[in-house]
Amino acid sequence: MNMRMFCIIACMAFCCLEVQGQQAQEEETSPIPYAFPRYREATVTMMFGSKKQVLGNIYLDGSKFYFLQDSVPIEASLGNIHRVAFGDTLYMPVDNMLARIVAEDSAKMLVCVRTIDKYKMKGSNDGISGEDKRGEGMPFFQLDMVGSMGFIELGGDQTMKTSFPLKREYYFILSGEVVPAKERPVMRRYTKARRKVLKGMTENRWWSWKDENSLVQLLQLL
């Protein structure tokens, strides 16, 4: 094999690996059903502009916002909340869930909701509903138990020896409307001519609907 042919093959292999690496979804898990191992300082901005400092956390079963009141975890009603800031990371309510603001462009946004993947947690041995009838799935009953209590004790040694599978779902906020960051919901908003422009990006082999950076690029064109 001459050097020129070797370089061509090596380049093709590298490109394939790059595409697979960008488009593949990493399996994400958490040892606890919370975004943070401890309640941490959060700034809550209300709809009319007032701000409150609380110790808060995000319960990943439904991406619910909890805060401590007299050392007791309370689930916050998201209806009156405009933003929640954990350090430099901003969250906003989307469909009764707390979503991380990934990017903003003028009045448009890309947000991400991270939740426990209940389908994976239950297993999929029956091939229909996702229920693991052979009992080989992860201990979903523990999550139900945690949900009924509203919290688990954080900060010390964790007694729940399990791993919670997580999933990320992305949404565009366009003209005040929440649009799933998927091809069909996005494309049907536009004319044929406009879709052609958008597909110039989305049909590029380096671009993926499952990649956060790709969605940030698309936001600029929407």
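Methionine 109 is in contact with Arg83, Met92, Ile101, Ala103, Glu104, Tyr171, Phe172, Ile173 and Leu219, leaving aside its neighbours within four places in sequence. The model is predicted.

**Around methionine 109**

Methionine 109 sits in strand E9, which covers residues 108-116. Is this residue buried or exposed? Methionine 109 has a relative accessible area of 10%. Buried means under 20%, so methionine 109 counts as buried. One of its contacts, phenylalanine 172, lies 63 residues away in sequence. In space, the two C-alpha atoms are 5.6 Å apart.

Another contact of methionine 109 is Leu219. Leu219 belongs to helix H6, residues 212-219, and is buried there, as are Ser214, Leu215 and Leu218. Seen down the axis of H6, the buried residues fall within an arc of 145°, so they line one face of the helix.

**Around glutamate 28**

Strand E1 spans residues 28-30 and holds glutamate 28. Which residues does glutamate 28 touch, beyond its neighbours within four places in sequence? They are Arg114, Phe164, Pro165, Leu166 and Arg168. With arginine 168 there is a polar contact between side chains, at 2.8 Å. Leucine 166 is 138 residues from glutamate 28 in sequence, yet their C-alpha atoms are 5.4 Å apart.

The two C-alpha pairs are set out here.

| Pair | Apart in sequence | C-alpha to C-alpha |
|---|---|---|
| Methionine 109 and phenylalanine 172 | 63 residues | 5.6 Å |
| Glutamate 28 and leucine 166 | 138 residues | 5.4 Å |

**The second largest pocket**

Arg168 also appears in the lining of a pocket. This is the second largest pocket, with about 260 Å³ of space. It is lined by 11 residues. Closest to the centre are Arg168, Glu169, Tyr170, Ala181 and Lys182. Which strand gives the most to this lining? Strand E10, residues 164-174, does so with 4 residues. By class, the lining has 6 nonpolar, 4 charged and 1 polar residues.

**Asparagine 57**

Asparagine 57 lies in strand E3, residues 51-59. Its relative accessibility is 0%, so asparagine 57 counts as buried. What does the side chain of asparagine 57 reach? It reaches the backbone oxygen of phenylalanine 36, at 2.9 Å.

Definitions and conventions
Residues are numbered from 1 along each chain as its sequence is written. This is a predicted model: local features need pLDDT of at least 70, side-chain atom pairs count only at pLDDT 80 or more; totals for chains, interfaces and linings use all residues. Side-chain values use heavy atoms; hydrogens and water are left out. Buried means under 20% relative accessible area, exposed over 50%, partly exposed in between (1.4 Å probe, protein chains only). Helices (H or I, at least four residues) and strands (E, at least two) are DSSP runs, numbered from the N terminus. The arc is that of the directions from the helix axis to the C-beta atoms. Contact means heavy atoms within 4.5 Å. A polar contact is a pair of N or O atoms within 3.5 Å; within protein, one must be able to donate a hydrogen and the other to accept it, and residues adjacent in sequence count only if both atoms are side-chain atoms. On a 1 Å grid over the protein atoms alone, a cavity is a set of points where a 1.4 Å probe fits but cannot get out, and a pocket is an open set with protein on both sides within 12 Å along at least five of seven lines; lining residues have an atom within 4 Å of a point. Grid points are joined across faces, edges and corners, and a volume is the space filled by probe spheres set on the points. Ala, Val, Leu, Ile, Met, Phe, Trp, Tyr, Cys and Pro count as nonpolar, Asp, Glu, Lys and Arg as charged, and the others, Gly among them, as polar.
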